Structures are given as structure tokens and as C-alpha cells.
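Me: I am new to this structure and would be grateful for a close look at a single part of it. Please take the sheet as the part to examine, and then relate the rest of the chain to it.

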Amino acid sequence: KLQMTPDQVKAEAAAGVARARGYTADVEFSPEDGYRSDPDFMCEVCQIAVDNGATTLNIPDTVGYAVPADYARLIEYVLQNVRGEYVVSTHCHDDLGLAVANSLAGVAAGARQVECAINGLGERAGNAALEEVVMAIRTRSDFFTDLDVNVRTEELARTSRLVSRLTGYHVQY
């Protein structure tokens with residue numbers, strides 16, 4: 001897609017993260033379509049990003065192709081193969097109806113940030129729904145031990161209705 005050699009991709013990743021780090025201490029790096037990428041090359045590029053100052057690695061399922069077990073394995077693979085201090089983030093699309101399930105699988109595998117949206121709004125079939133991710137983690141605290149989503153859940157329904165009214169998209173049942 002980028003029409004670049006692997007070495008050019010690595011150089012651009014290094015330069016981009018280093019430049020961003022010059023403006024802020026909190027830099028998120030996201031290899032587009034990470035789920036369908038070669039995991040070794042993606043980890044090599046992510047390592048370069050961390051080495052140049054990235055503090056978050058966002059591992060996206062850009063086209064919503066992943067299934068939970070495979071996505072969890074990818075998150076584990078990143079955590080095992082990229083050294084340094086960083087947070088892993090999920091970014092899952094809902095093309096197969098699995099964005100929330102994949103995000104939760106990523107969290108169970110060690111991700112500590114979830115890219116999501118109220119009512120799952122996003123391109124094509126949407127993204128992981130914030131309210132579903134939050135309530136799954138909160139409700140199943142026996143499974144998601146030692147995790148806190150720090151969200152005022154009593155505001156979720158009102159916020160969901162507001163977003164629905166403003167966008168014209170009805171909330172799924």
C-alpha cells in the first residue's frame with residue numbers, strides 16, 4: 001500500500017516517532033492493518049518505534065478480519081517480542097461482528113488500552129463499542145482481574161442516546 005521497501009518503512013517509522021516525541025512525551029504508534037501484517041516484520045517496526053520513543057503500540061485489526069483467539073495470540077506475540085516500556089492498545093473494526101470480542105481478547109492477552117467509540121461508530125461496520133467493552137470488563141471482573149476501566153457507567157446510556165440522536169444512527173438492540 002505504501003509502495004515502500006521494508007527499509008524505507010523502518011526509516012519512516014523511526015523518523016515519525018522521533019519527530020512526534022519532540023512535541024510530546026506520549027506517542028502512540030500504529031502499524032496499519034497490523035493483524036494481517038507479517039508479525040515478525042510488524043514487531044521489528046514496533047521495536048523501532050519503541051526505541052525512538054513510542055509509549056503506546058496500537059495493534060489494529062483495520063478491516064475487521066480477526067477472530068478473538070488469533071487476535072489474542074498476536075497481542076501476546078507483540079508483548080513477547082518487542083522490548084521496552086510501552087502500553088499495547090487494541091483497535092478493532094466490526095466487519096465480522098467481532099470488534100468487542102477481539103478487543104476483550106486483546107485485553108485478556110495483555111493489552112491495557114482499547115480504541116473504541118460510543119455505540120461502536122466508525123467506518124464501514126464500525127468499531128468496538130465503548131459501552132460494551134466497559135460493561136464486559138466491569139461485569140466480568142472475576143475474569144478481567146486487576147483491571148479498572150475508570151468510566152462512570154451511569155452516564156453510558158445517556159451518552160449513547162445523545163450520540164444516536166446527534167448522528168441519526170440507532171443503537172443496536
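Reply: The account below begins with the sheet and then turns to its surroundings, the charged pairs and the largest pocket.

The model is a predicted one. Its open sheet consists of four strands in the order β1-β2-β3-β4, and the pairing is parallel. The edge positions belong to β1 (28-29) and β4 (113-115); each has a single partner strand, so one side of each is left without a neighbour in the sheet. Strands in a sheet pair through backbone hydrogen bonds, in either a parallel or an antiparallel manner. Strand β2 (residues 56-61) and strand β3 (residues 87-92) run parallel and are joined by six bridges. Within this pairing, Pro60 stands opposite His91 in β3. Helix α2 (residues 39-51) packs on the sheet, where it touches β1 and β2, and its direction makes about 150° with that of β2.

The loop between α2 and β2 contains Ala54. Is Ala54 buried or exposed? With a relative accessible area of 3%, Ala54 counts as buried, because the cut-off for that class is under 20%. Neighbours within four places in sequence aside, Ala54 is in contact with Val17, Val27, Phe29, Ala49, Glu85 and Tyr86. One of these, Tyr86, is 32 residues from Ala54 in sequence, yet the two C-alpha atoms are 7.1 Å apart in space. Gln8 offers another point of reference: Gln8 and Ala54 are separated by 46 residues in sequence and by 18 Å in space, C-alpha to C-alpha. Gln8 belongs to helix α1 (residues 6-21) and is partly exposed, its relative accessible area being 39%.

The charged side chains come next. Side chains of opposite charge can pair when their charged atoms come close. A search of the whole structure finds 10 salt bridges. One of them is formed by the side chains of Arg124 and Asp95, at 2.7 Å from N to O. This pair links distant parts of the chain, 29 residues apart: Arg124 is in the loop between β4 and α5 (130-139), and Asp95 is in the loop between β3 and α4 (99-108). Both partners are partly exposed, Arg124 at 47% relative accessibility and Asp95 with a relative accessible area of 31%. Arg124 also meets Glu123 in a salt bridge, at 4.0 Å from N to O. Glu123 is partly exposed, with a relative accessible area of 49%.

Elsewhere, Arg140 forms a salt bridge with Asp142, and their closest N and O atoms are 2.9 Å apart. Arg140 is partly exposed at 43% relative accessibility, whereas Asp142 is exposed, with a relative accessible area of 55%. Salt bridges also link Arg152, Glu154, Glu155 and Arg158 in a network.

Finally, there is the empty space to consider. Rolling a probe the size of a water molecule over the atoms shows where such space is left. The largest pocket has a volume of about 480 Å³. Of the 17 residues that line this pocket, the closest to its centre are Leu2, Val9, Pro31, Glu32 and Ser37. The elements that give two or more residues to the lining are α1 and α2. Helix α2 thus appears twice in this account: it packs on the sheet and contributes to the lining of the largest pocket.

Methods: Residues numbered from 1 in each chain as written. Predicted model: local features only at pLDDT ≥ 70, side-chain atom pairs only at ≥ 80, totals over all residues. Heavy atoms only, no water. Buried < 20%, exposed > 50% of the residue type's maximum accessible area, 1.4 Å probe, protein only. Pairing = 2+ DSSP bridges. Contact = heavy atoms within 4.5 Å. Axes fitted to C-alpha atoms, helices over the stretch in contact; angles between N-to-C directions. 1 Å grid on protein atoms, 1.4 Å probe; cavity = no way out; pocket = protein on both sides within 12 Å on 5 of 7 lines; lining within 4 Å. Points joined across faces, edges and corners; volume = space filled by probe spheres on them.
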